[in-house]
Amino acid sequence: MNHIPPVNKREILKILLSCMLPISNAQSQDSHSGKVKRIAVIGAGIAGLAAANHLQKLGHNVTVLEGRERIGGRIWTSKQWPNMPLDLGATWIHGVQGNPLTALADRINAKRFATGYESAITYGVQGQVLTKVQTKELDQVIQLINKRLEAVQDDDELESDISVRRAIMPLLRGLDADSDVARLIYFILNSNLEHEYGGSIDQLSAQYFDESKEFSGGDKLFAQGFQVITQHLAEGLNIQLGQIVKAIDYSANQVVITTSQGVVFADQVIVTLPLGVLKSGQIRFKPALPDNKQKSIEKMQMGVLNKCFLRFDKAFWPTDVDWLEVIPTQHGHWAEWISFMRATKWPVLLGFNAADRGREIEGMSDADIVQDAMQTLQRIYGNNIPQPIDFQITRWAQDPFSLGSYSFNQVGYKPNQRDILAAPVKGKVFFAGEATHKDHFGTAHGAYMSGLRAAREITD
Ligand SMILES: Cc1cc2nc3c(=O)[nH]c(=O)nc-3n(C[C@H](O)[C@H](O)[C@H](O)COP(=O)(O)OP(=O)(O)OC[C@H]3O[C@@H](n4cnc5c(N)ncnc54)[C@H](O)[C@@H]3O)c2cc1C
């Protein structure tokens, strides 16, 4: 992290007056009495909104600074297709039982639909539905992979961490890369691990890739999109859109935040910037963040999951299942699809690409991505299937406000790295966001809980 030049107070005063700064003088006087704090929250994703909502309810003077022209961050419901609110970022409450987002959704009576991984069809390389024997083989391969990864995790003799690919090598030894078993192994690794964590099997830590905890009870998606949650949390908050934060100076009594629109003063700041943005070094901290925090940011990694929604006039695929799993001809190409027909009755298919392939497709044109997706569907359902009437495509790695989809534990990960990232600095700079949650990273509920944790750190 770079240093910013010393703040010129007269300059700041000028900018302050010209910009109509969000935190007013009257409130700042209150704060000096020790009762009301001026708190700036950077980022209007679910972590920032949860923190701001909690602190404002306690009577603090909270301002949320958001770089984009919308709230929600990686929760982003598209309204492009009337009556089909589609989530371009988070879709599901993963594990509804005991999940704090379930309680929140209940409070606002948000309609939800369940989808299940058991409601699935798996197609082979030629596009045929797997036979019972082939399905049994697939289950056996899953068990082999799980056993192998557990063995590596339990191996006390292992001197240093290795990648998932290296851990799996003994299973692949002697196998032709095009053999059926090798294809099954790569398919499982891609659809179960790369899609879930966003990192490639070369990057994922065999020791720690699955360190996160899970709620039980299956998954549910929102009839009106995940935005119902972020909109609810944002009610009544002072949110400044288009405020791209450039620098955070916490060297003096008050924190000085320089944005694309001016300068904001606060007593304390909660930083909910995505790990990708922190890694890019775009935000200058003065003084520089502690060495151990900088090292954690360097060593942790951002994964990629991209979505391609295809809308058809009517469904030509089986409509009684949620998931269409496809053993691909090339590693990671369109291995998983969700059909919205069972849950919402929309004739929409959503195809996923993650990790290396997820990054690769971001360099392709929309037309090429759709054509590539259609080739997979044609392999299964024949060349006469209709073309989509429309599509929506994400490119999360290129998005300057997230630079990736979510964080994962890469080779060499140490169990305290996320706690180090989360630790407050000098009682002035606090950290939240999915990457700071050791147990529920990579999820919307993890981000939400991290926001509440940072808010409590301030009030405690
Ligand atoms: C494709 C995809 C699918 C997913 N699916 C699921 C799912 O089904 N279920 C689930 O639980 N989770 C899912 N997730 C993960 C979930 O979306 C995230 O973990 C969660 O939304 C992160 O919230 P956050 O508040 O930590 O970060 P963000 O939502 O990224 O919020 C950070 C905010 O900071 C802002 N910001 C960035 N830079 C600046 C700057 N310089 N100045 C000011 N503001 C800035 C951003 O614009 C953003 O609004 C998915 C994510 C993706 C991308």
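These questions and answers look at one helix and the ligand site of a predicted model.

Q: How do you know that the span of α7 is close to the expected one?
A: Helix α7 covers residues 180-197, 18 residues in total. From first C-alpha to last, α7 reaches 25 Å. At 1.5 Å a residue, 26 Å is expected. The two values are close.

Q: Where is the kink in α7 centred?
A: The kink is centred on N190 and is about 30°. That bend is the angle between axes fitted to the seven residues ending there and the seven starting there.

Q: Why is α7 called largely enclosed?
A: Buried means under 20% relative accessible area. In α7, 13 of the 18 residues are buried, so the rest of the structure largely encloses this helix.

Q: What phi does G198 take just after α7?
A: G198 takes a positive phi, about 85°.

Q: What makes the pair formed by E66 and the ligand a polar contact?
A: The cut-off for a pair of N or O atoms is 3.5 Å. A polar side-chain atom of E66 lies 2.6 Å from a ligand oxygen atom. That is within the cut-off. A backbone N or O atom of A444 lies 2.8 Å from an oxygen atom of the ligand. The protein buries 98% of the 1,000 Å² that the ligand exposes when taken alone.

Q: Which residues come nearest to the ligand?
A: Of the 38 residues around the ligand, these are E66, R68, R74, W92 and A444. The shell divides into 20 nonpolar, 14 polar and four charged residues.

Terms used
Residues numbered from 1 in each chain as written. Predicted model: local features only at pLDDT ≥ 70, side-chain atom pairs only at ≥ 80, totals over all residues. Heavy atoms only, no water. Helix = DSSP H or I, 4+ residues; strand = E, 2+ residues; numbered from the N terminus. Expected span 1.5 Å × (residues − 1). Buried < 20%, exposed > 50% of the residue type's maximum accessible area, 1.4 Å probe, protein only. Near = heavy atom within 4 Å. Polar contact = N/O pair within 3.5 Å; in protein donor to acceptor, adjacent residues only side chain to side chain. Areas by Shrake-Rupley, 256 points an atom, 1.4 Å probe, with all protein chains shown as cover. Nonpolar A, V, L, I, M, F, W, Y, C, P; charged D, E, K, R; others polar.
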